Protein chains: 2
Amino acid sequence: MLHDPAQLDLMFQALADPARRQMVDRLSRGPASVSQLAEPLAMSLSAVVQHLNVLEASGLVRTEKLGRVRTCQIEPQALRAAEHWINERRLAWERRLDRLGDFLAEAKDES
Amino acid sequence: MLHDPAQLDLMFQALADPARRQMVDRLSRGPASVSQLAEPLAMSLSAVVQHLNVLEASGLVRTEKLGRVRTCQIEPQALRAAEHWINERRLAWERRLDRLGDFLAEAKDES
DNA sequence: TCGATACTTAAGCACTCACTTCACTATTGC
DNA sequence: GCAATAGTGAAGTGAGTGCTTAAGTATCGA
């Protein structure tokens with residue numbers, strides 16, 4: 001369920017925005033309320049809530065409301081899924097380069 | 001030069017589109033020409049070229065033109081930069097959870 | 001040299017995104 | 001109860017995205 005293209009879409013799209021990355025960065029240092037997330041950002045609270053909704057829809061962030069304050073935290077599994085997608089492609093490419101190197105080395109030995 | 005926010009922006013934005021991720025996926029298995037990249041995609045060649053320009057601007061893909069064919073390959077360093085950003089945030093969060101766990105365990109020992 | 005191939009560029013169009021403001025609904029503390 | 005706090009929801013706007021078609025240019029192969 002974490003590896004379907006639609007979810008990856010949402011995650012990378014969520015990470016594409018600098019304000020949202022800043023929010024993730026803040027949350028990586030511990031949970032925060034909506035206002036705390038908004039504080040360093042030069043935009044309305046409303047805009048922050050909209051960003052937060054994007055992050056939540058992507059699965060990168062989980063929130064819980066207690067009384068009037070909504071507390072947000074990172075969902076590390078989702079981060080891991082995005083990381084994994086990139087890692088697999090990079091490794092595939094690097095393994096390919098290695099095999100190519102081996103092939104060229106062998107070809108040289110035989111000449 | 002690889003870690004500035006603007007470059008990360010371009011990379012995550014590039015990866016946010018399914019067609020572009022499919023292109024990266026294809027390229028992770030080896031270099032390809034523009035037409036080869038376009039072949040499995042249900043869109044005009046022109047659209048593919050535009051996607052390719054986005055990928056190239058992001059630094060994720062490097063292209064080289066020989067005669068009339070443009071050959072594309074993955075730039076693994078850029079992939080690594082995106083991977084690294086995610087990894088650092090995830091690890092920060094997980095280390096935090098670990099410390100919290102230790103604290104709770106200690107508190108329990110002392111009770 | 002001439003037609004086919006492999007892009008390239010530009011213009012245009014529908015749709016989405018990142019905001020804004022304004023009005024509104026819980027909670028909380030005094 | 002009432003003001004302050006914390007967040008929510010809707011409507012609007014301007015800029016950006018993802019395509020399309022159409023009209024190029026450059027190169028290759030016979």
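Student: How far apart are the closest N and O atoms in the salt bridge that A:E94 forms with B:R80?

Tutor: This is a predicted model, in which local features need pLDDT of at least 70 and side-chain atom pairs count only at pLDDT 80 or more, while totals for chains, interfaces and linings use all residues, and side-chain values rest on heavy atoms, with hydrogens and water left out. Residues are numbered from 1 along each chain as its sequence is written, with chains lettered from A and ligands numbered from 1 in the order in which they are written. A salt bridge requires a side-chain nitrogen of Lys or Arg within 4 Å of a carboxyl oxygen of Asp or Glu. For A:E94 and B:R80, the closest N and O atoms are apart by 2.6 Å.

Student: Why does this pair join two chains, and in which helix of each chain do its partners lie?

Tutor: Helices (DSSP runs of H or I, at least four residues) and strands (runs of E, at least two) are numbered from the N terminus. The pair joins two chains because A:E94 lies in a helix of chain A and B:R80 in a helix of chain B, and in both chains that helix is α5.

Student: Is B:R80 buried, partly exposed or exposed?

Tutor: Buried means under 20% relative accessible area and exposed over 50%, with partly exposed in between (1.4 Å probe, protein chains only). B:R80 has a relative accessible area of 37%, so this residue counts as partly exposed.

Student: Which residues do salt bridges that share partners join into one network?

Tutor: Side chains of opposite charge can pair when their charged atoms come close. Over all chains the structure holds 16 salt bridges. Those that share partners link residues of chains A and B into one network, made up of A:R80, A:E83, B:R90 and B:E94.

Student: Which residue of chain B meets A:R89 in a salt bridge?

Tutor: The side chain of A:R89 takes part in a salt bridge with an N to O distance of 2.8 Å. This pair crosses between chains, running from helix α5 of chain A to helix α2 of chain B. Both partners are buried, and the one in chain B is B:D25.

Student: What is the distance between the closest N and O atoms of B:E83 and A:R90?

Tutor: B:E83 lies in helix α5 (residues 76–109) of chain B and A:R90 in helix α5 of chain A, so this pair, too, joins two chains. B:E83 and A:R90 are buried, and the distance between their closest N and O atoms is 2.7 Å.

Student: In what order do the three strands of the open sheet in chain A stand?

Tutor: Two strands pair if DSSP finds at least two bridges between them. The pairing in this sheet is antiparallel; β1(A) and β3(A) (residues 69–74) pair over two bridges, and β2(A) and β3(A) over six bridges. The edge strands, each pairing on one side only, are β1 (32–33) and β2 (61–66) of chain A. The order is therefore β1-β3-β2.

Student: What angle does the direction of helix α2 of chain A make with that of β3(A)?

Tutor: Helix α2 (residues 18–28) of chain A packs on the sheet, touching β1, β2 and β3 of chain A, where contact means heavy atoms within 4.5 Å. Axes are lines fitted to C-alpha atoms, for helices over the stretch in contact, and angles run from 0 to 180 degrees between N-to-C directions. The angle with β3(A) is about 85 degrees.

Student: Which side chains of β3(A) point to one face and are buried?

Tutor: In a regular strand the side chains alternate between the two faces of the sheet. Along β3(A), A:V69, A:T71 and A:Q73 point to one face and are not buried, while the buried side chains on the other face are A:R70, A:C72 and A:I74.

Student: Which residue of β3(A) is the bridge partner of A:T63?

Tutor: β2(A) and β3(A) form a hairpin with two residues between them, and A:G67 in the turn has a positive phi of about 65 degrees. Within β3(A), one residue is the bridge partner of A:A32 and also that of A:T63, namely A:C72.

Student: Is A:L60 buried or exposed?

Tutor: A:L60 lies in the loop between α4 (45–58) and β2 of chain A. Leaving aside neighbours within four places in sequence, A:L60 is in contact with residues including A:M11, A:L55, A:I74 and A:L79. At 2% relative accessibility, A:L60 counts as buried.
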